[in-house]
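Visitor: I am new to this structure, and I would like to hear how each description is justified. Could you show it to me and then take my questions in turn?

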Amino acid sequence: MDETRTPAPAEDSPAPVAYGWCSWHDGYAGGVRLIQVHEQGSGAGGGVFACGPCRETHKLVPFADQPL
Ligand SMILES: [Zn+2]
């Protein structure tokens with residue numbers, strides 16, 4: 001039995017980049033931000049995320065940056 005295993009190299013990521021689904025261009029992208037929270041009656045509430053380029057194109061303001 002060959003149990004040779006190389007430990008996964010620790011990835012050095014100085015700036016954590018949120019990787020997720022961009023609802024604007026319908027695809028996965030890095031650096032997505034939560035734009036809007038959709039409250040749902042039951043189950044997990046859905047959030048709408050947008051990547052950087054889409055935020056610029058559509059002038060989207062991240063949820064955390066929106067004035068209350
Ligand atoms: Zn996008």
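Guide: In the protein chain, 36% of the contacts with a separation of 6 or more are between residues 24 or more positions apart, where contact means heavy atoms within 4.5 Å. This is a predicted model, in which local features need pLDDT of at least 70 and side-chain atom pairs count only at pLDDT 80 or more, while totals for chains, interfaces and linings use all residues. Residues are numbered from 1 along each chain as its sequence is written, and side-chain values use heavy atoms, with hydrogens and water left out.

Visitor: How do you know which elements the protein chain has, and in what order do they run?

Guide: Helices (H or I, at least four residues) and strands (E, at least two) are DSSP runs, numbered from the N terminus. By that rule the protein chain has one helix and four strands, and from the N terminus on they are arranged as β-β-β-β-α.

Visitor: What makes E1 and E2 a pair?

Guide: Two strands pair if DSSP finds at least two bridges between them, and four bridges join E1 to strand E2 (residues 27-30), the two running antiparallel. One of the partnerships is that of Gly 20 with Ala 29 in E2.

Visitor: Why is the site of the zinc ion called tetrahedral?

Guide: Donors are N, O and S atoms within 2.8 Å of the metal (3.2 Å for Na, K and Ca), and as water is not among the atoms, sites may look incomplete. Here the zinc ion is coordinated by Cys 22 (SG), His 25 (ND1), Cys 51 (SG) and Cys 54 (SG), at 2.0 to 2.3 Å. Four donors count as tetrahedral if all angles lie between 85 and 135 degrees, and the angles among these four donor atoms are 102 to 117°, so the site of the zinc ion meets the rule for tetrahedral. Ideal angles for four tetrahedral donors are 109.5 degrees.

Visitor: How are the donor residues spaced in sequence?

Guide: The donor residues of the zinc ion follow the spacing C-x2-H-x25-C-x2-C. Because Cys 22 lies in strand E1 (residues 19-22) and Cys 54 in helix H1 (residues 52-58), this pair ties together parts that are 32 residues apart in sequence.

Visitor: Why is Asp 26 called exposed, while His 38 is called partly exposed?

Guide: Buried means under 20% relative accessible area, exposed over 50%, and partly exposed in between (1.4 Å probe, protein chains only). Asp 26 has 56% relative accessibility and therefore counts as exposed, whereas His 38, in strand E3 (residues 33-38), has 39% and so counts as partly exposed. Lys 59, in the segment after H1, counts as exposed because its relative accessibility is 71%. Cys 22 and Cys 54, by contrast, are both buried, and buried residues make up 19% of the 68 residues in the protein chain.

Visitor: What makes the phi of Asp 26 worth pointing out?

Guide: Most residues other than glycine have a negative phi. Asp 26, found in the loop between E1 and E2, has a positive phi near 55°, and Lys 59 likewise has a positive phi near 55°.

Visitor: Which residues make up the largest nonpolar core?

Guide: A nonpolar core is a set of buried Ala, Val, Leu, Ile, Met, Phe, Trp, Tyr and Cys residues joined through side-chain atoms within 4.5 Å. The largest has eight residues, namely Cys 22, Ala 29, Val 32, Ile 35, Ala 50, Cys 51, Cys 54 and Leu 60.

Conventions:
Four donors count as tetrahedral if all angles lie between 85 and 135 degrees; four count as square planar and six as octahedral if opposite donors are over 155 degrees apart and all others between 65 and 115; anything else is irregular.
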